[in-house]
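Reader: Please give me a close look at a single strand and its surroundings. I would like to know what it pairs with, what it packs against and how its charged residues are placed.

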Amino acid sequence: MSRIAALSLILLLAACGQGQPEAEKTVAELSPLEQAAIDAGVIPDARNVTLSGAFERRSDLGTDRFCAVGNDENGYQVGMIAVFGPETKCEGLGEAERDGETVRITLNSEDSCSFSARFDGVELELPGSLPEACSSYCSARAGFEGVSFYMIGEGDAVARSTSGRDFDNLCPGG
């Protein structure tokens, strides 16, 4: 009988150590470390920030830019440019919807190109693989794949001042 009790205790302890898998966590659930960092002001709470604003990433090749005008309830008008040198770039306009850390972007100023990006409140990261239609926004040897942008200013007014190459203003409306 003691073997059965010991085996039951081991199985019970093993089951207690299993947490909810990461993939099943909802956006609303945060680890204690994440919550402490938010409370301390170290990182923003992605549940309470807006996508509206201007984003950039600078490199030796140029400055990549993204902007969004609008809000979570009605959606966003967006524009973005990724620069790979003086003549090489990707640039497009479209719209976006945000659900927590997921931003569904649809570029529609050329062929329709839709994909989901990740936004943590500071950085917007595009996926490493995009639909073939997204290449219509790019010159040869350029692509939006894997590009990321960091928020440099919040709000529609800041977003409206974001310039591109083919578009004087990447986010004119809202």
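Author: The strand chosen here is β2, and the answer goes from its pairing to its packing and then to its charges.

This is a predicted model, in which local features need pLDDT of at least 70 and side-chain atom pairs count only at pLDDT 80 or more, while totals for chains, interfaces and linings use all residues. Residues are numbered from 1 along each chain as its sequence is written, and side-chain values use heavy atoms, with hydrogens and water left out.

Strand β2 covers residues 62-71. Strands (E, at least two residues) and helices (H or I, at least four) are DSSP runs, numbered from the N terminus. Two strands pair if DSSP finds at least two bridges between them. By that rule β2 pairs with β1, residues 53-59, in the antiparallel sense over 7 bridges. The two are joined by a hairpin of 2 residues, and S59 has G62 in β2 as its bridge partner. β2 also pairs with β3, again antiparallel and over 7 bridges. Here the hairpin has 3 residues between the strands, and V69 is bridged to Q77 in β3.

Now the packing. Of the 10 residues in β2, 8 are buried, where buried means under 20% relative accessible area, exposed over 50% and partly exposed in between (1.4 Å probe, protein chains only). A nonpolar core is a set of buried Ala, Val, Leu, Ile, Met, Phe, Trp, Tyr and Cys residues joined through side-chain atoms within 4.5 Å. The largest one has 28 residues, and F66 is among the members that touch the most others, together with L51, I105, L124, L126 and F144. Strands that each supply at least two residues of this core include β2, β3 and β4. Leaving out residues up to four places away in sequence, F66 touches L51, F55, V78, M80, I105, L124 and F149, among others; contact means heavy atoms within 4.5 Å. A second, separate core of 8 residues includes C67, I81, V83 and L170.

D64 is a charged residue in β2. A salt bridge is a side-chain nitrogen of Lys or Arg within 4 Å of a carboxyl oxygen of Asp or Glu. D64 is buried but has no salt bridge, and R57, the nearest side chain of opposite charge, is 6.0 Å away. For such comparisons, Lys and Arg count as positive and Asp and Glu as negative; His and the chain ends are not counted. A polar atom of the D64 side chain does lie 2.7 Å from the backbone nitrogen of V83. Among the other residues that D64 touches are F55, E56, I81 and V147.

Salt bridges do occur around the strand. In the loop between β2 and β3, D72 reaches R98 of strand β4, 26 residues apart in the chain; the N to O distance is 2.8 Å. D72 is partly exposed at 34% relative accessibility, whereas R98 is buried at 9%. E56 and R58 form another salt bridge, with the closest N and O atoms 3.1 Å apart. E56 is buried, at 14%, and R58 is exposed, at 64%. In all, the structure holds 8 salt bridges.

Terms used:
Polar contact = N/O pair within 3.5 Å; in protein donor to acceptor, adjacent residues only side chain to side chain.
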